[in-house]
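Here are my notes for when you open the model. Keep the structure on screen and go through the points one at a time.

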Amino acid sequence: MHWVNWLIVIVYLVWVVVDGIKKSQDTDTVSGYFMANKSLSWWVVGLSVMATQLSAVTMIGTPGQGATDGLRFIQLYLGLPLAMVILGVTIVPLLHGSGVYTAYEYLERRFDAKTRSLTAFLFLISRGLSVGTIMAAPGVVFSAIFGIPLTWAVAMIGVPTVIYTMVGGVQAVAWADVKQMILIVIALVAIMFVLIIQMPVSPLEALTIAGATGRLQVFDFSFDMSERYTFWSGMIGGTFLMLSYFGTDQSQVQRYLTARSVHEAKSSLLMSAYWKIPLQALVLLVGVGVFVYYQFVRPPLLYNPTHEAAVVAARGAEYDDLQRRYAEAFTLREAAAFAVADASDGDRQPMELFLAREQEIQVIRGEALAMVVEETDESSTDVNYIIPRFVLSELPIGLAGLFIAGVFAAAMSSIAGELNALSTASVIDFYKRWMRPHADDAHYLTVSKGATVFWGFFACIVATYAATLGSLIEVVNRFGSFFYGSILGVFLLAMIPGAKARGAFVGLIIGMATVGFVAFQTPIEYLWQNVIGAVVVLLVGVPLSLMERGKA
Amino acid sequence: MVDDTQETSSGGSRFRITLIRVIIVQIIALGLLLWLQIRFGR
């Protein structure tokens, strides 16, 4: 990478840490460190909520998915706006008004200590692991693209994040999120702008080419529970997933607990309700744009440079032959793409020829990816490398650095939020609850900072192993889905008058067991598992509570 | 407690207004995506 781009990245990293440390005032109490003394404005919290959800996966994996699969991933977010509105009138007032530090603390007040401890434990396990995968995504890609060891790449992301999170607490995290969110949006808009400028065809012609390959196919209205992203899985399963993530996951709950008032906490969530789908559409459209751009500029046959080097080293002659076929096929496809752009409406012939040429390219790519599997024993998926390769080879100097800084920003904003929440749950729900209930603030503050460092270190270790887990987007979501629905079920039960602790605890166990069974024994896709988990908890918890009341 | 009471009494209508606003914005966003699908889809 050009030194100017490196300079931009390094300046950004230093600035984030220095600014985060500056924001550490008023964090000498537990309330200041974990809650920012409930002093933040709705827009700060709102941007922090969005930045926490938006990870490096969103910046590199999701546009990559847009490039290979089109816009249909957006269906995952169809339930988000409704979920935000529902949370605004249910869980947000409940948690913000109750003065708790964690969502799970509320469950002890409503039910009992074991329900609180179990849900907090599940959060620590699932989020502790997922923060590792969130760190691994950019770590693996940067390692391959820049040719540096994975541990260095992970450290470049992890160390600055741990420093400002540990020193500045939630206040530093929230203000860093604001700046990171702005940087991310600027980077995305800039890359889209450059794509439009550099594209050799007009935007309408680009859309025609993208549409011809099915990449503008957004909605799938079939009701097939084994299909991952459909309109219905997004609307129903997605609503439950978002209710659970934003309503019961400490990494998000902690964001809006820092708001000045219940009203500002609600407003902060509405920012996501309005902007998440347009933002996600922009991210995916960047990917679609890159796909169209690569119809006219020959991309590498393999996007992962490490894999490419391994194949060249082991089977150089065979790979050279494949490269030659690829170059010929690309020239033919490029001509076909221009023909599609120039074709009049209703002229199917150029489009059919283009699709045939595209198929030839995919066959050759398939052969190259098969060679990768044979030579490296690693997953051949290189979707996460498309955008970084494009950024570094096609964007002007400076803008590439800005985008890479944006990827760092996306990674750090979500990791910081998670570390802060993991530290809070560890200290409030376990250390203070079970080990040292009556220590002073200074003691808890020291332990909290130690917990942040511990979780940061744990995430770095997980990140070095998560690299081999396959598609990172789904890995992150899958971890959560095993518990999310059932925990949401417990919170829904908490809102039912007369629901009892035993019903909640037994319901939670049976809910998770059912989701585990469904996940391993049926083809039902993960979004539906959130619905199943929540419904089973209610189906078990309500009758058990009624029986208990009958006995009393 | 007074604040809580006010929150509850106007909560229903505020919820409806917010819900309607969010639905309108989403209909516009999803409508644009649906237009892309119909206009340029295969």
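1. Start with how chain A is divided. This is a predicted model, and the domain assignment splits chain A into two domains. Domain 1 is made of three stretches, 8–102, 125–294 and 393–464, while domain 2 is the single stretch 305–381. So when you colour by domain, remember that domain 1 of chain A picks up again at 393, after domain 2 has ended at 381.

2. Next, see how the two domains sit together. Their C-alpha centres are 34 Å apart. Where they touch, domain 1 of chain A brings 12 residues and domain 2 of chain A brings 13. Together they bury about 930 Å², and 73% of that is on carbon and sulfur atoms. Which three residues matter most for the area on the domain 1 side? They are A:Ala144, A:Ile209 and A:Ala212, which supply 40% of the area that domain 1 of chain A buries against domain 2 of chain A, more than any other three residues.

3. What about charges and polar pairs across that domain boundary? The rule finds zero salt bridges between domain 1 and domain 2 of chain A, and one residue pair in polar contact, with both residues at pLDDT 80 or more. On the domain 1 side, the elements giving two or more residues are helix H8 (113–146) and helix H10 (203–212) of chain A. H10(A) has the largest share, four residues. By type, this side divides into eight nonpolar residues, two polar and two charged.

4. Now zoom out to the two chains. How many residues does each chain bring to the contact? Chain A gives 28 and chain B gives 18. The pair buries about 2100 Å² between them, 72% of it on carbon and sulfur atoms. In chain A, the residues that lose the most area to chain B are A:Val85, A:Phe219 and A:Tyr274, and together they make up 25% of what that side buries.

5. Stay at the chain A and chain B interface for a moment. The salt bridge count here is zero, but there are three residue pairs in polar contact, again with both residues at pLDDT 80 or more. On the chain A side, helix H5 (80–89), H10 and helix H13 (262–293) each give two or more residues. H13(A) gives the most, with seven residues. The chain A side divides into 20 nonpolar, six polar and two charged residues. Notice that H10 of chain A turns up on the list for chain B and also on the list for domain 2 of chain A.

6. Salt bridges do exist elsewhere: a search of the whole structure finds 23 of them over all chains. One to look up is A:Glu525 with A:Arg228, where the closest N and O atoms are 2.8 Å apart. These two residues are 297 apart in the chain: A:Glu525 is in the loop between helix H20 (501–521) and helix H21 (526–551), and A:Arg228 is in the loop between H10 and helix H11 (231–248). Are they buried or exposed? A:Glu525 counts as buried because its relative accessibility is 13%, below the 20% cut-off. A:Arg228, at 23%, is partly exposed.

7. Another salt bridge joins the side chains of A:Arg315 and A:Glu375, at 2.9 Å from N to O. A:Arg315 is in helix H14 (residues 305–342) and A:Glu375 is in helix H15 (residues 348–376) of chain A, 60 residues apart. A:Arg315 counts as buried at 18% relative accessibility, whereas A:Glu375 is partly exposed at 34%.

8. Then find A:Asp382 and A:Arg365, whose salt bridge has its closest N and O atoms 3.0 Å apart. A:Asp382 is in the loop between H15 and helix H16 (386–394), and A:Arg365 is in helix H15 of chain A, so this pair ties together parts that are 17 residues apart in sequence. Both ends are buried: A:Asp382 has a relative accessible area of 5%, and A:Arg365 is at 11%.

9. Last one: which residues are joined into one network by salt bridges that share partners? They are A:Glu108, A:Arg116, A:Asp429 and A:Arg433.

Conventions
Residues are numbered from 1 along each chain as its sequence is written. Chains are lettered from A and ligands numbered from 1 in the order in which they are written. This is a predicted model: local features need pLDDT of at least 70, side-chain atom pairs count only at pLDDT 80 or more; totals for chains, interfaces and linings use all residues. Side-chain values use heavy atoms; hydrogens and water are left out. Contact means heavy atoms within 4.5 Å. Buried area is the accessible area (1.4 Å probe) that two parts lose on being put together, summed over both. A salt bridge is a side-chain nitrogen of Lys or Arg within 4 Å of a carboxyl oxygen of Asp or Glu. A polar contact is a pair of N or O atoms within 3.5 Å; within protein, one must be able to donate a hydrogen and the other to accept it, and residues adjacent in sequence count only if both atoms are side-chain atoms. Ala, Val, Leu, Ile, Met, Phe, Trp, Tyr, Cys and Pro count as nonpolar, Asp, Glu, Lys and Arg as charged, and the others, Gly among them, as polar. Buried means under 20% relative accessible area, exposed over 50%, partly exposed in between (1.4 Å probe, protein chains only).
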